[in-house]
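Hi everyone, thanks for making time this morning. I'd like to walk you through one structure, so let me put it up on the screen.

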Amino acid sequence: MNALELLDISPVMPVIVIADATLAVDLAHALAAGGLRTLEITLRSDAALAAIEAIRQHVPEVLVGAGTVLDAQQLQSAHAAGAQFAVSPGLTEALALAVQGRGIPFLPGVASAAEAMRAAEWGFMAQKLFPAEAIGGVELLKAWHGPLPHLRFCPTGGIHAGNASRYLALPNVGCVGGSWLTPAAAVTGRQWDVVTRLAREALALAR
Ligand code: 3PG
């Protein structure tokens, strides 16, 4: 699987900040039960790497990626933990070189046409538009489709059940990402039926 193919696996990608790795497997099962096939565990908590490892080992029906990968060291740790893809909020030269060295599917974050072009020069044709709502969202992606039709995006940042379908209707959007599928209270409270319902509802937005 390459990064462009990754965008087509599941129209909605949960962006997860996990505080307790022992919840990871049940959480991934709950999302998979709702029909989602990709998920991103952000490296924003101490539990993230253990969560990635547990999901990779016990929930083979989902692809687990690492998010908020900021440097080569984090990329290495995430890959070693079993991450099947990586996502970053932006792109640096060091990170691009590290990704090339490992050959892991990667979505670099971009927020301007120049950043999108620079990421494409590194070979990254699938990109994360971040923070999507704050920088123009649907209108920005429509405007980019003219001059940058070869690029495809996974917008994240401010996306939720109320606006996701507007993004998913765009020709240059493969999937959308967001934290709305995994509310902290539902996860810590082990309300897996809530998570499954949110996943199922999100998937329905794409149809
Ligand atoms: C990300 O890292 O993609 C964002 O934090 C997700 O944004 P959201 O919390 O607004 O969905």
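**A small sheet and a ligand site**

Let me start with a single pairing: Gln127 has Phe153, in strand 8, as its bridge partner. Before I go further, please keep in mind that this is a predicted model.

That pairing belongs to a set of 4 bridges between strand 7, residues 126-129, and strand 8, and these two strands run parallel. Zooming out, we have an open sheet of 3 strands, ordered 6-7-8, with parallel pairing. At its edges sit strand 6 (109-110) and strand 8 (152-155), each of which pairs on one side only. As a reminder, strands in a sheet pair through backbone hydrogen bonds, either parallel or antiparallel.

Now to the part I suspect you came for, the ligand. Which residues surround the ligand? They are Val15, Arg44, Lys128, Phe130, Thr156, Gly157, Gly158, Gly178 and Ser179. By character, this shell splits into 2 nonpolar, 5 polar and 2 charged residues.

Let's look at some distances to ligand oxygen atoms. For Arg44, a polar side-chain atom is 2.4 Å from an oxygen of the ligand. Thr156 also uses its side chain: an N or O atom there lies 2.6 Å from a ligand oxygen. With Gly158 the backbone takes part, and a polar backbone atom is 2.7 Å from an oxygen atom of the ligand. And how much of the ligand's accessible area does the protein cover? On its own the ligand has 310 Å² of accessible area, and the protein covers 79% of that.

That's my tour; happy to chat about any of it.

Definitions and conventions: Residues numbered from 1 in each chain as written. Predicted model: local features only at pLDDT ≥ 70, side-chain atom pairs only at ≥ 80, totals over all residues. Heavy atoms only, no water. Pairing = 2+ DSSP bridges. Near = heavy atom within 4 Å. Polar contact = N/O pair within 3.5 Å; in protein donor to acceptor, adjacent residues only side chain to side chain. Areas by Shrake-Rupley, 256 points an atom, 1.4 Å probe, with all protein chains shown as cover. Nonpolar A, V, L, I, M, F, W, Y, C, P; charged D, E, K, R; others polar.
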